[in-house]
Amino acid sequence: MDLDQLAALRTAEGSAALAAATEVAGGDPLAAAAALRSAGVPAGLAAAALTQAELRRRAAGKFGPAAAGMFLTRAGLEQATRRVVADRRAARLRAAGVRTLADLGCGLGADALAAARAGIRVYGVEADPVTAAMAAANAEAAGLAESFTVECGDATAFDVSRVDGVFCDPARRKAGTGRRIFDPNSYSPPWDFVTGLAERVPHTVVKVAPGLDHALIPAGAEAEWVSVDGDLVEAALWCGRLAEVPRRATLLRGDTPHVLTGSGAAEAPVGPARRFLYDPDSAVVRAHLVAELAGELDATLADPSIAYLYADSPVRTPYARCLEVTDVLPFSLKRLRALLRDRRVGRVEILKRGSALEPEKLRRDLRLSGEAAASLVLTRVAGAPTVLVGHPVPA
């Protein structure tokens, strides 16, 4: 996609091509292209329209119905914040008193649009000309062009004294190749600039990868990990006046958010494997809040390095999945196969933490047959390779 193609898609002819592409998106791409050409759509415009239609189809899971009117790039869509997460962040910013916000590296505008919907005036800065133009087009499509404006330029040159809040989502993919960047100093903007924003703006939020090294968290910042319907989707650093607790795990399931907070430094007690196993949500694990959850569940770890919790009774919690354990075995393929055969287990789910075994290879090696189902947990107990057999406890 280039600026000329984007401009063409925004004409009446381009809108018609997009509508036609939407009708055939999701099927065979060659047949879709042929259908547009037979309808008289020029080849270049047809290709651009089909790409947008396919991206919009994929984006519906992140943005809902609004995706149907957005302009997208593949890399931009991958890094864009889900609407449910962006809306919640915007509400927190608004509640903290933020009225003007700089979105430095605004990408396609997902977070900026959420802030604008919350009543915040947003100034977006984006280095890539095409992405900047798409963000502006997305603001117009959403009816928010007066609340969210975009300039193409260097985020580090923006005058942050103009705003009372900053949001920054540094690019973590290499321009041109789309390859992930794992060194924060190679982000765009670079990490030292990003972390320095908190010293210049009283309300600063930085979106980071969920795998962020805790050693990189600035002193005094709140680090939050967010999962949506069980999938860990992002982490964010809340700095300055926005920091409320050292660590936070936010689980978004349906319409109800569940929030667990703590120091991130506590250690859970260690004990034997017990009747009920809790598999904590990834946001809880990444936020180093397993000890806090253990306290709520009266649970212990069976190995200090493995984030499975064990208790004597089931407790309803949104922060972990619960399994009832029927067998705890030192790992032995022969012994496990015999146990499952005797119980006529033909279907298993396989969970693992702290095990080098490949679940799909193990599934094949078990040679399952039968009508029953079971859950297998590959882990370590007191340092020893162990397999637990059980079944889920209904939520």
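## Lining of the largest cavity

In this predicted model, the lining of the largest cavity comprises four nonpolar residues, one polar residue and four charged residues. These are Val-85, Arg-88, Arg-89, Arg-92, Glu-224, Val-226, Trp-238, Thr-250 and Leu-252. The cavity they enclose has a volume of about 80 Å³.

At least two lining residues come from each of α6, β6 (222-228) and β8 (247-253). Helix α6 makes the greatest contribution to the largest cavity, with four residues.

## Second largest cavity

The count of cavities of 30 Å³ or more is three. The second largest has a volume of about 60 Å³, and its lining consists of Ala-86, Arg-89, Ala-90, Leu-93, Leu-101, Asp-103, Asp-111, Ala-112, Ala-115 and Phe-167. Two or more of these residues are supplied by each of α6, β1 (100-104) and α7.

Helix α6 provides the largest share of this lining, namely four residues. By class, the lining of the second largest cavity holds seven nonpolar and three charged residues, with no polar ones. Arg-89 lines the largest cavity and also lines the second largest.

## Packing of α6 and α7

Helix α6 (residues 83-95) packs with helix α7 (residues 110-117) at an angle of about 50°, and their axes lie 8 Å apart. The two helices are therefore oblique to each other. Their crossing is right-handed.

On the α6 side, the contact involves Arg-83, Ala-86, Asp-87, Arg-89 and Ala-90; on the α7 side, it involves Ala-110, Asp-111, Ala-114, Ala-115 and Arg-117. This contact has five nonpolar and five charged residues, and no polar residues.

Technical notes. Residues numbered from 1 in each chain as written. Predicted model: local features only at pLDDT ≥ 70, side-chain atom pairs only at ≥ 80, totals over all residues. Heavy atoms only, no water. Axes fitted to C-alpha atoms, helices over the stretch in contact; angles between N-to-C directions. Parallel < 35°, antiparallel > 145°, perpendicular 65-115°, else oblique. Left-handed = near helix turned anticlockwise from the far one by under 90°. Contact = heavy atoms within 4.5 Å. Nonpolar A, V, L, I, M, F, W, Y, C, P; charged D, E, K, R; others polar. 1 Å grid on protein atoms, 1.4 Å probe; cavity = no way out; pocket = protein on both sides within 12 Å on 5 of 7 lines; lining within 4 Å. Points joined across faces, edges and corners; volume = space filled by probe spheres on them.
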